[in-house]
Amino acid sequence: MTKTRNEHRGPDREAALAQYRQRAAVYDLELALFEPIRRLAITRLGLQPGDTVLDVGSGTGLSLGLLREGVGGAGRVVGIEQSPPMMEQASERVRQSGWNNVALSCSPVESARIAGQADAAFFHFTHDILLHPEAVSNVVRHLKPGARVVASGLKWAPAWAMPANLFVAAAALRSVTSLEGLREPWSQLGNYLGPLDVTLLWLGSIYIASGTVVAGRAHGRTR
Ligand SMILES: C[S@@+](CC[C@H](N)C(=O)[O-])C[C@H]1O[C@@H](n2cnc3c(N)ncnc32)[C@H](O)[C@@H]1O
């Protein structure tokens, strides 16, 4: 059977760059509906003053302010984002707010140079990145044992809430380049973390998964 455009394929970098080139100007407006989820997900990071937190696939920087509140003036926030127009908006946000402890790197996560070992990592609506084994392992390699990781975003709703999947499909086609893995989008992270706590919201079409990095699992679970 012929495969459709987005099925049964991993993330596509060129398609993602094109997607966010088009979307950057309206992105913040489109995300307004999802802001309560961002706030809730960030509280799950349990950030402490002085922490370093990675904002993985940081987009236009909508999370940066809240992450910065969590780590305080003595902490550090590092945003990693591959789309230049999305990153431009994040840089402007940082410049206008005068945040001097927020560093941004315009790079694919899978090859990003990340300095030091962070205390936490945040993946908010970054399904393409969660599907990318090298991207996930590059992040985890730069986390301390015990570091807290939170991933949140869209997932397929269960059968009893099938109509919710119209919303998931519409939103996913606008924001990801592969529909693979939407049943359990956190599954790759599970190879690196201890038991995951997964909260389902919006009829099971949104998830927040959190866990901590297990010492000795920097290269994933040995199967
Ligand atoms: C739906 S947006 C989420 C942005 C941000 N996390 C937020 O909460 O608003 C997904 C972002 O991931 C970025 N992205 C996708 N694949 C990436 C990769 N491999 N490396 C870096 N950024 C990536 C996209 O360019 C886009 O800005």
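**Why these labels? A Q&A on a predicted model**

The protein chain has eight helices and seven strands. Keep in mind that this is a predicted model.

Q: What makes the protein chain as compact as a globular protein of its length?
A: Set its radius of gyration against the globule rule: the chain comes out at 17 Å, and the rule gives 17 Å for 223 residues, so the two are close and the chain counts as that compact. In terms of outer dimensions, the C-alpha atoms fill a box of roughly 55 × 40 × 30 Å along the principal axes.

Q: How much of the protein chain is buried, and what does its accessible surface come to?
A: Buried residues, meaning those under 20% relative accessible area, make up 52% of the 223 residues. The accessible surface comes to about 10,700 Å², with 55% of that belonging to carbon and sulfur atoms.

Q: What share of the contacts with a separation of 6 or more is between residues 24 or more positions apart?
A: They account for 75% of those contacts.

Q: Why is A112 called buried?
A: Its relative accessibility is 6%, and the cut-off for buried is under 20%, so A112 counts as buried. A112 lies in the loop between β3 (102-106) and β4 (118-124). Leaving aside neighbours within four places in sequence, A112 is in contact with I80, S107 and N138. There's also V139, 27 residues away along the chain, whose C-alpha atom is separated from that of A112 by 8.8 Å.

Q: Which residues of helix α7 are buried, and what covers them?
A: In α7 (residues 133-141), the buried ones are A135, V136, S137, N138, V139 and V140. Their cover includes β1, β4, α6 and β5.

Q: Is L203 buried or exposed, and how do you know?
A: Exposed: the bar is over 50% relative accessible area, and L203 sits at 52%, so L203 clears it. You'll find L203 in the loop between β6 (197-201) and β7 (206-212).

Q: What is there to note about phi in L203 and F125?
A: L203 has a positive phi of about 55 degrees although it isn't a glycine. F125, another residue that is not glycine, has a positive phi near 55 degrees. F125 has its place in the loop between β4 and α6.

Q: What makes an empty space a cavity, and how many of 30 Å³ or more are there?
A: A 1.4 Å probe must fit but be unable to get out; by that rule the count is one cavity of 30 Å³ or more. The largest cavity holds about 90 Å³ of space. Among the residues that line it are F125, T126, H127, S175 and Y207. Strand β5 (residues 143-154) gives the largest share of that lining, three residues. By type, the lining divides into five nonpolar, five polar and no charged residues.

Q: What volume does the largest pocket have, and which residues are closest to its centre?
A: Its volume is about 670 Å³. Of the 41 residues that line it, Y20, F125, T126, I129 and S175 are the closest to the centre.

Q: Which elements build the lining of the largest pocket, and what kinds of residue are in it?
A: α1 (13-23), α2 (27-31), β1 (52-56), α6 (127-130) and α8 (164-175) each supply at least two residues. α1 gives the largest share, with five. The lining divides into 17 nonpolar, 14 polar and 10 charged residues.

Technical notes. Residues numbered from 1 in each chain as written. Predicted model: local features only at pLDDT ≥ 70, side-chain atom pairs only at ≥ 80, totals over all residues. Heavy atoms only, no water. 1 Å grid on protein atoms, 1.4 Å probe; cavity = no way out; pocket = protein on both sides within 12 Å on 5 of 7 lines; lining within 4 Å. Points joined across faces, edges and corners; volume = space filled by probe spheres on them. Helix = DSSP H or I, 4+ residues; strand = E, 2+ residues; numbered from the N terminus. Nonpolar A, V, L, I, M, F, W, Y, C, P; charged D, E, K, R; others polar. Buried < 20%, exposed > 50% of the residue type's maximum accessible area, 1.4 Å probe, protein only. Contact = heavy atoms within 4.5 Å. Rg over C-alpha atoms; globule rule 2.2 N^0.38 Å. Areas by Shrake-Rupley, 256 points an atom, 1.4 Å probe, with all protein chains shown as cover.
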